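Reader: I would be grateful for a close look at a single part of this chain, the helix and its surroundings. Please then follow the connections outward to the neighbouring strands and aromatic rings.

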Amino acid sequence: MIDAPSRRALLTGALAGMTLPSAAAPARAAAFPTRPNFVIILADDLGWGEIGSQGQRMIATPNLDELAAEGVRFEAAYSGAPLCAPSRCSMLTGLHAGHATVRENPEGKTQRSLTEADLTFGELLQLAGYRTACIGKWGFGPEKAGQPSHPNERGFDDFFGYIGHRHAHQYFPEYLWHNSTRVPLAREAYAPDLFLERAIDFIKRPSDQPFLLYYATNLPHSPSVVSGGTGQYAREPWTRANRGHAAQVTRLDTDVAKIVRALREADVVQDTLVLFTSDNGPHREKGVTPWLFDSNGPLRADKRDLYEGGIRVPLIAWSPKLRSRVESQPVALYDILPTLADLAEIPVPDRIDGLSFRRLLNGRSAPRHDHLVWNRPRKAQAIRRGRWKAIRFAPGIAGAGPEGRIELYDLDTDLGEQRDLARRRPELATRLMTLLDRSIGPDPRRPYGLKVLGAADQVTVTLVNGSAVPWRRVRLGLDLAQGRRLTAPDAVATLLPGEECSAVFPVGGVSRVTASAAFRADGRRHTFRRRAKVKPALR
């Protein structure tokens, strides 16, 4: 854990208010098309301070710096957890790690899994007619096809990459997965090369549908493996691991530039929002020393810690439709799901922890979190409310005694978390702990979406309103082969939040169907669709 203030600690005030010159990015019309495309780029263990726009001076990231200068740079963006699997679960599902399904990394135990109850942003956009792809590191088990935690079952039409958490540590893997198929590679291909190739192909694939690309690269996670050598860092007087890490970050930067170039070449860039972020703070694994690079900037600690260096992450929103600006309002990666739903004009799922930051993209006021929560079961929890942040360590963790330990920090005056105020403000620490305890518990979500149950000669289609608003004039239908369409004879006048409606359709001998549900919500017309297989009748 990095306890001492970093070399940039004295620059915190200046950095927090820094806005790059407007000359770097001409004013743009701050308006998105209806149902824009989305590219979500998630780096693996990239520290808050490892890109130039955040103050990095030793590692070159010119392309990310350009996106930050032209777009919206969030200076107080937080991951859902300080390590991989719970952070990704949080981002995908809109829940913080006190509510989400996956709250821990495997740590030598069984790989954690998503369930059928986990509505991801992929599934939400897929329901609304987006074509969807997950390329790179999924990070949830088990490592087999046809199970509820597989990306294809959680909303992604196309998947290429690693299913499991540990498998993603292999940059030259024996195999990768393409949907339900293991693709043998015999350790002869560098996985990020294949990911970039697939991403560009997906972007350029002709289609009338809007798209979501979730690009979850494993760069720059340990080990510090790069193809083609360490380039401009080859002669630096650093360890081999540190030279490799720097080259990984610059390679990531180059990959981002190639993805943006593909958007331009496909003539879809004007209709696309790119979000770039990281799953947690910088790692110090297999010989990498983040203090060499000042990887966490003015922040304390790194990956696995609930100090700011472990959970505050870079977040850049870029589109030709955005104006250059720096946003200081705290946001969390579990805000991404409701933000995508808001931009795509889809009813936002109710009882999630995330809030849409759509309005912040255009410099307008947006709902603020009353508090943010982090949870590492049996280890530590943290809460931020306004300027105040409290961390609670379990007994025996990080030097805590048999009663545990509570720390309290004023982030407005002590971003580096060096002055523990818990003894001076015990009443405030107690109030925050009470709020923290109330915020951790079972999954609060309502079921949401379109369910299809097909067996024998009939299919049951069920629509569940998991939003906070009524859905009106609901009509269920079923598309069969050769253009045949069945429609429920009666429409449902109003489907209240938490309610569901169903229709049963005879299908006789059909193996695949597409269910549909048309309805109105918030004054807009919506249509959800879901493809499904029909189990043959037993003879």
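Author: Contact here means that heavy atoms lie within 4.5 Å. The model is a predicted one. With that cut-off, the buried residues of helix α5 are covered by elements that include β3 (131-137), β4 (158-162), β5 (175-178), β7 (211-216) and α6 (240-265). The buried residues themselves are Ala191, Pro192, Leu194, Phe195, Leu196, Ala199, Phe202 and Ile203. As for its length, α5 comprises 14 residues, 191-204, which at 1.5 Å a residue should span 20 Å. The C-alpha atoms at its two ends are 20 Å apart, in agreement with that expectation.

One of the buried residues of α5, Phe202, also takes part in a contact with a charge. The charged end of arginine 131 sits over the ring of phenylalanine 202, at 4.4 Å from its centre. A comparable description applies to arginine 300, which lies over the face of tyrosine 307, 3.9 Å from the ring centre.

The aromatic rings can be considered next. A pair of aromatic rings is described by the distance of the centres and the angle of the planes. The count of aromatic pairs comes to 22. Among them is the stacked pair of phenylalanine 38 and tyrosine 130, with 5.9 Å from centre to centre and 15° between the planes. Phenylalanine 38 belongs to strand β1, whereas tyrosine 130 is in the loop between α4 (121-127) and β3, so this pair ties together parts that are 92 residues apart in sequence. Both phenylalanine 38 and tyrosine 130 are buried. Tryptophan 138 and phenylalanine 156 form an edge-to-face pair, with centres 5.8 Å apart and 75° between the planes. Each of these two residues lies in the loop between β3 and β4, so the pair ties together parts that are 18 residues apart in sequence. Tryptophan 138 and phenylalanine 156 are both buried. Ring pairs further link Phe121, Trp138, Phe140, Phe156 and Tyr214 into a cluster.

The loop between β1 (37-43) and α2 (62-70) contains glutamine 56. Glutamine 56 is buried, with a relative accessible area of 4%. A polar atom of the glutamine 56 side chain lies 2.8 Å from the backbone oxygen of glycine 49.

Arginine 530 is a second polar residue to examine, and its place is in strand β23 (residues 524-533). Its relative accessible area is 19%, and buried means under 20%, so arginine 530 counts as buried. Its side chain is joined to that of glutamate 123 by a polar contact of 2.6 Å. A polar atom of the arginine 530 side chain also lies 2.5 Å from the backbone oxygen of leucine 450. Leaving aside residues up to four places away in sequence, arginine 530 touches Glu123, Leu127, Leu450, Val452, Val513, Thr514 and Ala515.

The strand pairing of β18 (residues 471-479) completes the account. Strand β18 pairs with β22 (residues 512-521) in the antiparallel sense over six bridges, and arginine 472 has arginine 520 as its bridge partner in β22. Strands β18 and β20 (residues 492-495) run antiparallel and are joined by three bridges, with valine 492 in β20 as the bridge partner of valine 474. Strand β19 (residues 485-487) likewise pairs with β18 in the antiparallel sense over three bridges, and aspartate 479 is partnered by arginine 485. Five residues separate the strands in the hairpin of β18 and β19, where glutamine 482 takes a positive phi near 60°.

Note on methods
Residues numbered from 1 in each chain as written. Predicted model: local features only at pLDDT ≥ 70, side-chain atom pairs only at ≥ 80, totals over all residues. Heavy atoms only, no water. Pairing = 2+ DSSP bridges. Helix = DSSP H or I, 4+ residues; strand = E, 2+ residues; numbered from the N terminus. Buried < 20%, exposed > 50% of the residue type's maximum accessible area, 1.4 Å probe, protein only. Polar contact = N/O pair within 3.5 Å; in protein donor to acceptor, adjacent residues only side chain to side chain. Expected span 1.5 Å × (residues − 1). Phe/Tyr/Trp six-rings, centres within 6.5 Å; stacked < 30°, edge-to-face > 60°. Lys NZ or Arg CZ within 6 Å of the ring centre and 35° of its normal.
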